[in-house]
Amino acid sequence: MPFHLSFPFSPRTLGLLAGALMLAGCDSPPDDPGMVIEGKIMGTLYRVSVAGVDQAARPALARDILAVLNRDDQEISTYKPDSVLSRFNRYQGSEPQPISADMADVVVTALRVGTLTQGAMDITVGPLVNLWGFGPDKQPVATPDAAQIAAARQKVGLSHLTVTARADGQWLQKDLPGLYVDLSTVGEGYATDHLARLMEQHGISNYLVSVGGAVLSRGHNPQGRPWQVAIQKPTDRENAVQAIVDLQGHGISTSGSYRNYYELDGKRLSHVIDPATGRPITHKLVSATVIAPTATLADTWDTGLMVLGTAKARALAEQQQLAVYLITREGDHFTHYMSPQFKAFLVSEAK
Ligand code: FAD
C-alpha cells in the first residue's frame, strides 16, 4: 500500500487518503483558497487538489472527475462482474476481444514491465490472488495447499496474453481459457493519470491528483509552493514520514507488504503474490516506492520490485535507471536504499 503526504491546504485538511496523508503547510491564509474534490472509488479514495481555479468551476469539475473514474472502474475492475475486464476474464474462447486504446496501453505497459521483472509483476496472477483471498472472492478459511496452488499456477502466465493494434481498434486475446487478468495493481495509477489528463483538458496546470496511493502532481499549491508528497514509514503508526519529495510533474506509487494483509494459520499474509512460488511474498522488503513519468508506470514497477525483494529490486532499478526508494526491515529497525534518480526528487528525509 502506498503512503504519501502532501502539503497543499490548511491543517484542517489533515486526513488519510488510503494511506496517503494530506498535510498542510501554510503559515498564513492564502489568497487562493484552493479546491479539494474527493470521494470513494475502486475500493479506495480519490482526491483532486487544485490551485488557481475559480470555485464556480467546481460542479463541472466534480462531475467530470466522477465520470472519468467511473469509466475506468467500469473498464478494468475485477470487482464489477459487468466490467470490460470481467467479461474478458469470463470469456473462455481465444478470439480477440475489443478494448479501448487506454486499456490497451495499460496492458502493454504491464506486459513490458512484467517481462523486465522476469515475471515478478504479472497481471495474469489473478487466479493466485483470488486463491489467497485478495481479490473479489472471500478470504480462504485455510491456507491453500500445494495442489490448489499448482492448479492456480497452471492458469497464470504473461505469454498467454496479447494486445494487438489493428486499423479497426485495439484487441485483447488469450490462448488459455482460464486466464484471468488482474489490473488491481496498476488501476490506481491508471485512474490517476486520467485525472491528470482531465485537469489538462480543463486548462488546469496546478494540481495534485491521487487514487489510492498513486499520486501525480504538477505546478504549485495555493501557497505558490511546489506540491510535496511524503512516503510514510512502514510502521503501524500512521502519519510517520520517511521522506518528502517534489514530484515535478511525475507520478509516484508505493507497494507495501505492511498494510494490506490478513492472518491465516498464525501467519501474516501479504497481498503481493510471487508468481514463481504461487505464494504471498515473505522477504524483508516492506515498501517499494517508484517515481516515473506517469503514475501508471510507477504503479506498475512498484509491485514488480516488491516481489523481487531488496537485492534484485535494487539491481533492476540500477539497470533500468529507475527512481526508487526501498525500505527493508532488519529485525526491529528499517534500512533504506535510494537510487540516484530518486535523489533528484528528494526534499527531505527522516534520519
Ligand atoms: P499494489 O501493491 O499496487 O497491488 C497489489 C495488488 O496487485 C494485489 O492486491 C493483487 O490484486 C495484485 N497482485 C498481487 N501480486 C501481484 C503480482 N505479482 N503481479 C501483479 N499483480 C499482483 N477493492 C475493493 O475492495 N472493492 C472494490 O470495489 C474495488 N474495486 C476496484 C476497481 C478497480 C478498477 C481497481 C483497479 C481496484 C479495485 N479494488 C477494489 C482493489 C483495491 O483498490 C486494491 O487494493 C488496489 O487496487 C491494490 O492496490 P494497492 O496499491 O493496495 O496494492
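Which residue in β8 is the bridge partner of R166? Select R166 together with G169 in this predicted model, since G169 is that partner and belongs to β8.

Widen the selection next to the whole of β7 (161-166) and to β8, residues 169-174, and you will have two strands that pair in the antiparallel sense over six bridges. Adding β6 (97-99) completes an open sheet of three strands, in the order β6-β8-β7, with antiparallel pairing. Here β6 and β7 are the edge strands, each pairing on one side only, and the twist from one strand to the next averages 35 degrees.

Now show α3 (101-116), which lies across β6, β7 and β8 and runs at about 135 degrees to β7.

From α3 the tour moves into the largest nonpolar core, which has 42 residues and in which V107, I123, L161 and L183 have the most contacts. Among the elements that each supply at least two residues of this core are α2, α6, β18 and α7, while α3 gives the most, with seven residues. Centre the view on L183 and, leaving aside its neighbours within four places in sequence, look for its contacts with I76, L85, V106, V107 and I123. Another core, of 22 residues, lies apart from the largest one, and I37, V48, V53 and L198 are among its members.

Finish with α7, residues 295-308, whose 14 residues reach 20 Å from the first C-alpha to the last, close to the 20 Å expected. This helix α7 is mostly covered, with 13 of its 14 residues buried, and just after α7 you can select G309, which takes a positive phi of about 85 degrees.

Note on methods:
Residues are numbered from 1 along each chain as its sequence is written. This is a predicted model: local features need pLDDT of at least 70, side-chain atom pairs count only at pLDDT 80 or more; totals for chains, interfaces and linings use all residues. Side-chain values use heavy atoms; hydrogens and water are left out. Helices (H or I, at least four residues) and strands (E, at least two) are DSSP runs, numbered from the N terminus. The expected span of a helix is 1.5 Å times one less than its number of residues. Buried means under 20% relative accessible area, exposed over 50%, partly exposed in between (1.4 Å probe, protein chains only). A nonpolar core is a set of buried Ala, Val, Leu, Ile, Met, Phe, Trp, Tyr and Cys residues joined through side-chain atoms within 4.5 Å. Contact means heavy atoms within 4.5 Å. Two strands pair if DSSP finds at least two bridges between them. Axes are lines fitted to C-alpha atoms, for helices over the stretch in contact, and angles run from 0 to 180 degrees between N-to-C directions.
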